[in-house]
Amino acid sequence: MSDVDKLFAAPLPQVSDFVFDHNVARVFPDMIKRSIPGYPTIVENIGVIAAQYAQPGTLIYDLGCSLGAATQSMRRHLGGADCRILAVDNAEAMVVRCREYLAAQDSMMEELVPATVIQGDILQLELEPCSVVVLNFTLQFIAPEQRLAVLTRIRQALLPDGILVLSEKFRFADPVTQQHLEQVHYAFKRANGYSELEIAQKRSAIENVMLLDTQEAHFERLQAAGFSHACTWFQCLNFGSIMAHA
Ligand SMILES: Nc1ncnc2c1ncn2[C@@H]1O[C@H](C[S@+](CC[C@H]([NH3+])C(=O)[O-])CC(=O)[O-])[C@@H](O)[C@H]1O
Ligand SMILES: O=C(O)C(=O)Cc1ccccc1
C-alpha cells in the first residue's frame, strides 16, 4: 500500500513548506521509518503504555494520527479491553488512508477495540473524558503559541490517573549537543539510503513548519498545563518520547 519516499530526490527549483498531502500520505510509512530513529520502538511501546493506563469504559485519543500506526499498536496491545479509540488528523489524504489501514487490521485480527477516524483540527476539537492521549510527533507541527492551550485542554479531558504520550524531535540548548545529535541524525538518514540532496531539501521543507522545543521547554509547558509528573521514557538521538501523568 505504500511506496518508497523519493519526494526530495530530484533537485527542486524552489523547496516549498512541507504539507501532509496525497504525495506524502502515499510514501509516509517508508518516509517516517527511514527518517525517525527509534520510531518502530516508540510505536510498539505506545501500545504497551496504553494497555497499562487505559481505564475500562473510557476513550483513547490518537491526535495527529497520520496513517494510524499508534492506533494499530494500541489495538494490538489492548486485547479485549472495554475502550474506544478516536484517531484524529486534519489532513484528508491521511484520514482516507488511515481508514483503509484500520479496516485491513480489522479483517486480519479478531476482537480489536473499535477505532474511529475523524478528520478534524486538534486546535478546535472538543475532547471528551479520556484515559490515554497520544501525540506521536504531532505537537511539533502546531504553532508554538498554541501548544500550551492544546496541552491544557488535553490535561482537562484526562481522567484521574490518565496519561499523555508526547513524542517529538527535540532541540538541545547546548549547541555542541545539538550539532552532534543532528549530524548523527543525518548519518542515520544516509544509512537509510537518503542522498545529501534529499536530506538538504527535506531540511528546508520542514524548517518553517516544524519548530522544535528542548525537553526542558516541554517539561515546563506540561507542568504549566497542569500535569503532575513527566519523564522521558525513550530517546534515540534527537528524537524521543515523554509520558506525562494527569
Ligand atoms: N492541527 C492539527 N490537527 C490535526 N492533525 C494535525 C494538525 N497539525 C498536524 N496534524 C497532523 O499531524 C501528523 C504529524 S505526523 C504524525 C505521525 C503519527 N502520529 C504516527 O504515529 O505515525 C509526524 C510527522 O510526519 O513527523 C500529520 O498527519 C498531520 O496532518
Ligand atoms: O525527516 C526529518 O528530518 C524529520 O525530522 C522527521 C520527519 C518525518 C516525517 C515528516 C516530517 C519530518
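This tour moves through a predicted model, from the central sheet to one of its helices, a buried cysteine and two ligand sites.

Begin by selecting residues 60-162, the range that an unreviewed UniProt entry lists as "domain: Methyltransferase". Over this stretch the chain is 40% helix and 27% strand, and the C-alpha atoms at the two ends are 10 Å apart.

Next, show the strands alone. They include an open sheet of seven strands with mixed pairing, and reading across the sheet gives the order 3-2-1-4-5-7-6. Strand 3 (115-119) and strand 6 (229-236) stand at the edges, and because each has a single partner strand, one side of each is left without a neighbour in the sheet. If direction is ignored, neighbouring strands are turned against each other by 15 degrees on average.

Now select strand 1 (residues 58-63) together with strand 2 (83-89); the two pair in the parallel sense over six bridges. To follow the register, label threonine 58, which stands opposite cysteine 83 in strand 2, and then aspartate 62, which stands opposite alanine 87 in the same partner, strand 2. Five of the six residues of strand 1 are buried, so this strand is largely enclosed by the rest of the structure.

Add the helices that lie on the sheet, starting with helix 4 (residues 92-108), which touches strand 2 and strand 3 and whose direction makes about 165 degrees with that of strand 3. Helix 8 (residues 215-224) also packs on the sheet, where it touches strand 5 (158-169), strand 6 and strand 7 (239-245), and its direction makes about 150 degrees with that of strand 6.

Turn then to helix 3 (69-78), which is mostly covered, with eight of its ten residues buried. Among the buried ones are Gln72 and Arg75, along with Ala69, Ala70 and Leu78. What do the buried residues of helix 3 pack against? Their partners are helix 2 (39-53), helix 4, and strands 1, 2, 3 and 4, the last of these spanning 130-136. Just after the helix comes glycine 79, whose phi is positive, near 55 degrees.

Step back along the chain to cysteine 65, in the loop between strand 1 and helix 3. Is this residue buried or exposed? Cysteine 65 is buried, because 28 other C-beta atoms lie within 10 Å, where 20 or more are needed for that label. Leaving aside residues up to four places away in sequence, cysteine 65 touches Ala70 and Thr71, then Ala87, Val88 and Asp89, and also Cys98 and Val117. For a longer view, draw a distance from the C-alpha atom of cysteine 65 to that of phenylalanine 20, which is 45 residues away along the chain; the separation is 12 Å.

Select ligand 1 next and display the 21 residues that surround it, of which Gly64, Asn90, Ala91, Asn136 and Phe137 are the closest. Helix 3 and strand 2 each supply at least two residues of this shell, and its members divide into 14 nonpolar, five polar and two charged.

Finish at ligand 2, which is surrounded by Phe18, Met31, Ile32, Ser35, Ile36, Lys169, Lys202 and Ile206. Which helix gives the largest share of this shell? Helix 1 does, with three residues, while helix 1 (22-35) and helix 7 (196-206) each supply at least two. Coloured by residue class, the shell around ligand 2 divides into five nonpolar residues, one polar and two charged.

Conventions. Residues numbered from 1 in each chain as written. Chains lettered and ligands numbered in written order. Predicted model: local features only at pLDDT ≥ 70, side-chain atom pairs only at ≥ 80, totals over all residues. UniProt positions renumbered as here; feature names shortened; annotations may be inferred. Helix = DSSP H or I, 4+ residues; strand = E, 2+ residues; numbered from the N terminus. Near = placed C-beta within 6 Å. Nonpolar A, V, L, I, M, F, W, Y, C, P; charged D, E, K, R; others polar. Pairing = 2+ DSSP bridges. Axes fitted to C-alpha atoms, helices over the stretch in contact; angles between N-to-C directions. Contact = placed C-beta atoms within 7 Å. Buried ≥ 20, exposed ≤ 12 C-beta atoms within 10 Å, placed from the backbone.
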